[in-house]
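I opened my notebook to go through this structure piece by piece. Here is what I looked up, in the order I looked it up.

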Amino acid sequence: MSPLTKRRVRTFALASAMAVACGALSAGSAVAGPVNRTMHATCAFPHGAAPLTADVTATFPETAATGGSVPVTDFGVTLVFDEQLVAALKGWGVTTFEGTVDAGLTVRQNTNARPIGLEPIEVPLTKLPSSGEFRLPLKASLPPVPVREAGQAAFEMTELRPALKLHALKQNALVEHDASCTQDSGQAGTLATVRVSGPDTGGTNPVPGAPAPDGGVAKADVIAAAPPDGTGLVYGFWVDNTVSRIKKLGSTITFGRGKFDSLVGFTGQPPPVRGNLELPATSSYFVTFGFMPVTGRVELVQAEEATGTVKITGKTGAADLHLKLAVKLSDVKVNGVPLDVGPDCRNASPVDIHVQDTLNLEVGSPPVTTKSTFDIPPFTGCRNGSEDVSPLLTGLVSGPGNDQTTTLAARCNSRKTCTEG
């Protein structure tokens, strides 16, 4: 394969991952509840450098009070040795291993970021299986994390670095090898966000339309903005089973649970609605050209508040909403090899998801599956070293005729119950 052909294959694989990101109604910063984030490192194993994956899991509450603390439970790290790595280690004679995992976690409120003290996670003496993928779950405990300001508290993973000691039997002698690991670039990111209620203590609360550090716009708390005099209603929804299909690639991807909070006013006919979408980031996986596996981490940042109208009739509402999302892509790997796309690879304009359907508003009522079509806008800021691959991505992926399905179920329907989660 010529260098030009190889470059085109890598770029098309990247385009596949990004296209799916653009079509999703569900991504953005991870929300509270059970969360998961996959981290990647490269380790100096005796047979040579090889990738090692770690799945980070934890459970966060959806809300906390200013001056209180956020309890983080079920925090754990699962080391994943893929089948090829197990075979290589067994081939070198590895029988058991042990070590530690250093993890870094930061809580960010407005412009203030504070590290959370974490002790190294112990990797006990473990027997390596003879073949196949091997997953080693490790548990750790986090102290309750104080929160000092009203607004959003973002918990960010900053580091995950395993250090392993391998025990091997070679020529009837025990041999040890220290396998140090370096975290791959582009791994840091939000693990979960928690809404913190209470008076502002000096930080700057989000203002709709104001620039945000992630390249989107800041989101106002639509629940806190609900008028206390009954001239507006709050409705919250679970967002589940989102499946997007990209027309040019003929590919689909499914996203996890998120939520949508909305505030309905009484000033127009039909009444106006504004809302915030909070959905988990995701890792995409595709096989392009029938043989080339591609992975990438996708975040969709709300570019502006969702707007539209909803006509409420009894326990249902006829909704006509526009959700505009900015796409970010990182941690791209083609056939397991990292592919740097730079820090600003995204769509030149937001993806506009138009939702038109009658939703059930009563908590406990059946969920409603909505269907939408969307265009994928051109790309910008995507650089592989000195090469600008944005025009090529635009030609390969951008265009109309993409579609998605999403299930919406009523989560809460008053300011009090929505604030409580």
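**Entry 1: a helix with two sides.** I began with helix α2, on the face turned away from its buried side, and found the exposed residues Gln84 and Gly91 there. A reminder to myself before going on: the model is predicted. Next I asked which residues of α2 (residues 83-92) are buried. They are Leu85, Val86 and Leu89. Looking down the axis of α2, I saw that these buried residues fall within an arc of 100°, so they line one face of the helix. The spacing fits a rule I keep at hand: an α-helix has 3.6 residues a turn, so residues three or four places apart point the same way.

**Entry 2: the whole chain.** I stepped back to take stock. The protein has 421 residues, and 49% of them count as buried. I noted four helices and 29 strands. For contacts between residues at least 6 apart in sequence, I looked up how many join residues at least 24 apart, and the share is 73%. The accessible surface comes to about 18500 Å², with 54% of it belonging to carbon and sulfur atoms.

**Entry 3: the cores.** The largest nonpolar core has 51 residues. Those with the most contacts inside this core are Phe60, Phe81, Phe155 and Leu164. Which strand gives the most to it? My note says β11 (residues 151-170), with seven residues. Apart from this core lies another, of 29 residues, and I wrote down Tyr235, Val351, Val355 and Leu359 as being among them.

**Entry 4: the disulfide.** I counted one disulfide. It joins Cys43 to Cys181, with the sulfurs 2.0 Å apart. The torsion about the S-S bond is about 105°, so I filed this disulfide as right-handed. Cys43 lies in strand β1 (residues 33-45) and Cys181 in strand β12 (residues 173-183), so the pair ties together parts that are 138 residues apart in sequence. Are the two cysteines buried or exposed? Cys43 is buried at a relative accessible area of 1%, and Cys181 is buried too, at 5%.

**Entry 5: strand β29 and its partners.** I spent a while on β29 (residues 399-412). Of its 14 residues, 10 are buried, so this strand is largely enclosed by the rest of the structure. Strand β14 (residues 232-246) runs antiparallel to β29, and eight bridges join them. Strand β25 (residues 368-376) also pairs with β29 in the antiparallel sense, over eight bridges. I then asked which residues stand opposite Asp403 of β29. From β14's pairing I noted Arg245, and Thr373 is a bridge partner of Asp403 as well.

Gln404 is found in β29 too. With a relative accessible area of 2%, I marked Gln404 as buried. I also checked Gln404 against Lys371: they are 33 residues apart in sequence, yet their C-alpha atoms are 5.8 Å apart in space.

**Entry 6: two loop residues.** Pro271 lies in the loop between β16 (258-265) and β17 (272-278). I looked up whether Pro271 is buried or exposed. At 12% relative accessibility, under the 20% cut-off, Pro271 counts as buried. Beyond its neighbours within four places in sequence, Pro271 is in contact with Val264, Gly265, Gly308, Thr309, Val310 and Lys311. Gly232 is 39 residues from Pro271 in sequence, and the C-alpha to C-alpha distance is 9.6 Å.

Glu362 sits in the loop between β24 (351-360) and β25. At 36% relative accessibility, I listed Glu362 as partly exposed. Setting aside neighbours within four places in sequence, I found Glu362 in contact with Lys315, Ala410 and Asn413. Glu362 and Asn413 are 51 residues apart in sequence and 7.3 Å apart in space, C-alpha to C-alpha.

**Entry 7: a positive phi.** I closed with a backbone angle. Most residues other than glycine have a negative phi. Asp74 has a phi near 55°, a positive value in a residue other than glycine. Where does Asp74 lie? I placed Asp74 in strand β5 (residues 73-81), and at 51% relative accessibility Asp74 counts as exposed.

Key: Residues are numbered from 1 along each chain as its sequence is written. This is a predicted model: local features need pLDDT of at least 70, side-chain atom pairs count only at pLDDT 80 or more; totals for chains, interfaces and linings use all residues. Side-chain values use heavy atoms; hydrogens and water are left out. Buried means under 20% relative accessible area, exposed over 50%, partly exposed in between (1.4 Å probe, protein chains only). Two strands pair if DSSP finds at least two bridges between them. Contact means heavy atoms within 4.5 Å. Accessible areas come from the Shrake-Rupley method with a 1.4 Å probe; for residues, only the protein chains shown count as cover. A disulfide is a pair of cysteine sulfur atoms within 2.5 Å. A nonpolar core is a set of buried Ala, Val, Leu, Ile, Met, Phe, Trp, Tyr and Cys residues joined through side-chain atoms within 4.5 Å. The arc is that of the directions from the helix axis to the C-beta atoms.
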